[in-house]
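Open the model in your viewer and keep the sequence panel beside it. The tour goes from the whole chain to single residues.

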Amino acid sequence: QVQLVESGGGLVQAGGSLRLSCAATGRFLSSYAFGWFRQAPGKEREFVASIGWTGVNTNSMKDRFTISRDNAKNTVYLQMNSLKPEDTAVYYCAAGLGTTPSRPYEYSYWGQGTQVTVSS
């Protein structure tokens with residue numbers, strides 16, 4: 001069993017930055033890949049980035065968002081720069097077995113999410 005708690009969300013102006021954190025507890029955490037997803041109202045959950053032993057997997061936001069992992073702290077981060085109003089969403093952290101999964105069904109554990117709101 002893995003528990004995930006996200007933090008770091010909030011309200012930011014367009015062009016600003018936020019760093020989200022995902023604190024993980026449980027056993028065999030080093031065996032898991034971790035990912036970030038986001039979901040805006042009325043939209044499907046969207047893959048943002050994942051990190052595993054083989055490296056990092058990012059989508060089209062890779063020029064603005066960076067995922068990293070501190071194994072000593074059991075924490076995964078998402079650094080978000082140059083934020084845009086369309087980045088407004090609830091951001092979720094997830095843990096799953098695999099290399100760098102990008103599909104929600106590949107993840108077994110999910111956090112409760114943290115709200116990110118970007119004002120124009």
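The stops below begin with the overall fold and end at two buried residues.

**Whole chain.** Show everything as a cartoon. This is a predicted model. The cartoon has 0 helices and 11 strands, so the order of elements from the N terminus reads β-β-β-β-β-β-β-β-β-β-β. With a radius of gyration of 13 Å, close to the 14 Å that the globule rule gives for 120 residues, the protein is as compact as a globular protein of that length. Switch to the C-alpha trace and turn it: along the principal axes it spans about 40 × 25 × 25 Å. Of the contacts between residues at least 6 apart in sequence, 59% join residues at least 24 apart.

**Surface.** Now turn on the surface. About 6,400 Å² is exposed, and carbon and sulfur atoms supply 48% of that area. Colour the charged side chains next: 11 are positive and 8 are negative, and the centres of the two sets lie 4 Å apart. Of the 120 residues, 43% count as buried.

**The core.** Hide the surface and select Leu4, Phe34, Trp36, Leu78, Met80 and Tyr91. These residues have the most contacts inside the largest nonpolar core, which has 29 residues. Which strands supply at least two residues of this core? They are S1 (2–7), S3 (18–26), S4 (33–39), S5 (46–52), S7 (65–70), S8 (75–80), S9 (89–96) and S11 (114–119). In soluble globular proteins, nonpolar side chains tend to be buried together.

**Leu4.** Keep Leu4 and show what surrounds it. Beyond four places in sequence, the contacts of Leu4 include Cys22, Phe34, Cys93, Tyr109 and Trp110.

**Cys22.** Move to Cys22, in strand S3. Is Cys22 buried or exposed? Its relative accessibility is 0%, so Cys22 counts as buried. Residues up to four places away in sequence aside, Cys22 touches Leu4, Val5, Glu6, Trp36, Asn74, Thr75, Val76 and Cys93. To practise with the distance tool, pick the C-alpha atoms of Cys22 and Thr88: these residues are 66 apart along the chain, and the two atoms are separated by 18 Å.

**Asp87.** The last stop is Asp87, in the loop between S8 and S9. Asp87 is buried, because its relative accessible area is 0% and the cut-off for buried is under 20%. Select its contacts beyond four places in sequence: Arg38, Arg64, Phe65, Ser82, Val116 and Val118.

Terms used:
Residues are numbered from 1 along each chain as its sequence is written. This is a predicted model: local features need pLDDT of at least 70, side-chain atom pairs count only at pLDDT 80 or more; totals for chains, interfaces and linings use all residues. Side-chain values use heavy atoms; hydrogens and water are left out. A nonpolar core is a set of buried Ala, Val, Leu, Ile, Met, Phe, Trp, Tyr and Cys residues joined through side-chain atoms within 4.5 Å. Buried means under 20% relative accessible area, exposed over 50%, partly exposed in between (1.4 Å probe, protein chains only). Helices (H or I, at least four residues) and strands (E, at least two) are DSSP runs, numbered from the N terminus. Contact means heavy atoms within 4.5 Å. The radius of gyration is taken over C-alpha atoms; the globule rule is 2.2 Å times the number of residues to the power 0.38. Accessible areas come from the Shrake-Rupley method with a 1.4 Å probe; for residues, only the protein chains shown count as cover. Lys and Arg count as positive and Asp and Glu as negative; His and the chain ends are not counted. The place of a charge is taken as NZ of Lys, CZ of Arg, CG of Asp or CD of Glu.
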